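Trainee: I'm new to this one, and I'd like to know what stands behind the labels people use. Can we go through it together?

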Amino acid sequence: MNPIIVEIARRGGVPFVDFMALALYHDTAGYYTRPRRGAGPAGGEGDFMTAPTASPLLATTLACMLRRLALDLGTGLTFVELAAGEGRLIEALVAALGDDRRDVIRQICAVETATWAGERLARRVPDAVVARKLQGLARPRGPVVLFASELYDAVPCRRVVVAAVDGRLELREFWVVPAPGRRLVFETRPVTDREPARYFAQHGVSLAVGQVAELRLGVRAMHGATLAWCGRDGVALVLDYGYPARRLYDPRGRAGGSLVGYRRHRLVENVLLAPGRCDITAHVNFDDLMAGAGDAGWDRGEVRPLGSFLALHGAFDLLPAAVASGGVLKPDEWATFAAARRLLLPSGMGSDLKVLAQGRGAAWSSFCEMQTPPPIEA
Ligand SMILES: C[S@@+](CC[C@H](N)C(=O)[O-])C[C@H]1O[C@@H](n2cnc3c(N)ncnc32)[C@H](O)[C@@H]1O
């Protein structure tokens, strides 16, 4: 019997946010945390692709960016990856830096909740410092580059709906409750605290009747604390699916919310069917991350689609030379190019996945100069 279903039955039902925490992070049965022997969740053999698993282009572009930053600042950087998974990005980054690695990056730190994934990462990059929590790492000295790919969309969220009850509007919370046949089903109950209404008011959002919305109350503080931990000189790059509040909660767009599951590269509509066996994700409200940066004294930054972020940072120069010259691609070059296109083209990750760049101090000034596109020659 699935231990997550047993636990929910024992509690007589739980708010959706607690269900998502159990489904993803239950010690022995959670989707991310349960011990794994074969393929992990992200990648071709797993359930979904992420930017680091789709192509090394992200890591090679980052490597060029870090080289320039270290050169500009005249010192090596601390590279910190949150939600580092099995270490695919760090492994490719180290490979791309080659012999320059120690001049560019003084220390690599990785934070990963799933023990099995952290262990694989440590085997891939033996000199990376790996911890399950950021607080488990010594505070960095000198400039920091913080990187996180799909961390915040995996943070458990509350799920609410606006209902018309007896002629008045009521905000109701989704609960997950046991049903006959060892199944789980949704049920809504009145929201019993003021936080969701306050959250939407703060973001200037008014939900329509029948509109479903997901919200993460803790993300602003979590992100602010992370940036404060980084110090006063750094750049943070956060890749995630999401929008600013006005777009995320626009009833003309996502009236049903953005919650979905993924299994074997297919969408799972009912995330209650096999808890712990499929990924569960909901879009991020980038305004929370911007506010968190402001709280920490960092620049709130800007959000760009992944494709244009990579283009701005020279990714096209890193494609096989035959692409630019119009020559014939060899089979391995073609594979590299095809994978890179997934990150660049506006028909998938290139536009759906966003990069939020934020920073503080000299590292941020240097980074912003790099982002200025060169003048177009006549
Ligand atoms: C969608 S996967 C992304 C993995 C990797 N970053 C990538 O892009 O391929 C989300 C990862 O975040 C980890 N995670 C979730 N919450 C975390 C937290 N608070 N701290 C560190 N890791 C976390 C999960 O265990 C999982 O490995």
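Trainee: What makes you call helix α2 mostly covered?

Mentor: First, keep in mind that this is a predicted model. A residue counts as buried if 20 or more other C-beta atoms lie within 10 Å of its own. In α2, which spans residues 16-25, 7 of its 10 residues are buried, so by that cut-off "mostly covered" fits. The buried ones are F16, V17, F19, M20, L22, A23 and L24.

Trainee: What covers the buried residues of α2?

Mentor: The cover includes the helix α1 (3-11) and the strands β1 (14-15), β6 (158-165), β7 (168-179) and β13.

Trainee: You mentioned β6 and β7. Why does D166 count as exposed?

Mentor: D166 sits in the loop between those two strands. The cut-off for exposed is 12 or fewer C-beta neighbours within 10 Å. D166 has 5 of them, so it counts as exposed.

Trainee: And what is unusual about the phi of D166?

Mentor: Most residues other than glycine have a negative phi. For D166, phi is near 50°, a positive value, and D166 is not a glycine.

Trainee: Why is H265 called exposed?

Mentor: H265 has 10 C-beta neighbours inside 10 Å, so it falls under the exposed label too. H265 lies in the loop between β11 and β12, and its phi is positive as well, near 65°.

Trainee: What is the strand order of the open sheet with β11 and β12?

Mentor: The order is β12-β11-β13, and the pairing is antiparallel. From one strand to the next, the twist averages 35°.

Trainee: What makes β12 and β13 edge strands?

Mentor: Each of them, β12 (266-268) and β13 (279-281), pairs on one side only.

Trainee: How do you know that β11 and β13 pair?

Mentor: Two strands pair if there are at least two bridges between them. Strand β11 (residues 260-263) is joined to β13 by 3 bridges, so the condition is met. In one of these strands, β13, I280 is the bridge partner of G261.

Trainee: Which strands pair with β16?

Mentor: Strand β10 (residues 234-243) is joined to β16 by 8 bridges, and β15 (residues 299-305) by 5 bridges. Both pairings are antiparallel. V235 stands opposite G359 of β16, while P305 stands opposite K354.

Trainee: How many residues of β16 are buried?

Mentor: In β16 (residues 353-360), 8 of its 8 residues are buried, and that is what earns the strand the words "mostly covered". In a regular strand the side chains alternate between the two faces of the sheet. Here L353, V355, A357 and G359 point one way, K354, L356, Q358 and R360 the other way, and all are buried.

Trainee: Which residues touch the most other members of the largest nonpolar core?

Mentor: L93 and L343 do, in a core of 105 residues. Helix α4 (residues 57-73) gives the most to this core, with 8 residues. Leaving out residues up to four places away in sequence, L93 touches A59, L62 and A63.

Trainee: Last one: which residues come nearest to the ligand?

Mentor: Of the 18 residues around the ligand, Y32, T50, A83, G85 and S149 come nearest. The shell divides into 11 nonpolar, 5 polar and 2 charged residues.

Definitions and conventions:
Residues are numbered from 1 along each chain as its sequence is written. This is a predicted model: local features need pLDDT of at least 70, side-chain atom pairs count only at pLDDT 80 or more; totals for chains, interfaces and linings use all residues. A residue is near a molecule or strand if its C-beta atom, placed from the backbone, lies within 6 Å of it. Ala, Val, Leu, Ile, Met, Phe, Trp, Tyr, Cys and Pro count as nonpolar, Asp, Glu, Lys and Arg as charged, and the others, Gly among them, as polar. Helices (H or I, at least four residues) and strands (E, at least two) are DSSP runs, numbered from the N terminus. A nonpolar core is a set of buried Ala, Val, Leu, Ile, Met, Phe, Trp, Tyr and Cys residues joined through C-beta atoms within 7 Å. Two residues are in contact if their C-beta atoms, placed from the backbone, lie within 7 Å. Axes are lines fitted to C-alpha atoms, for helices over the stretch in contact, and angles run from 0 to 180 degrees between N-to-C directions.
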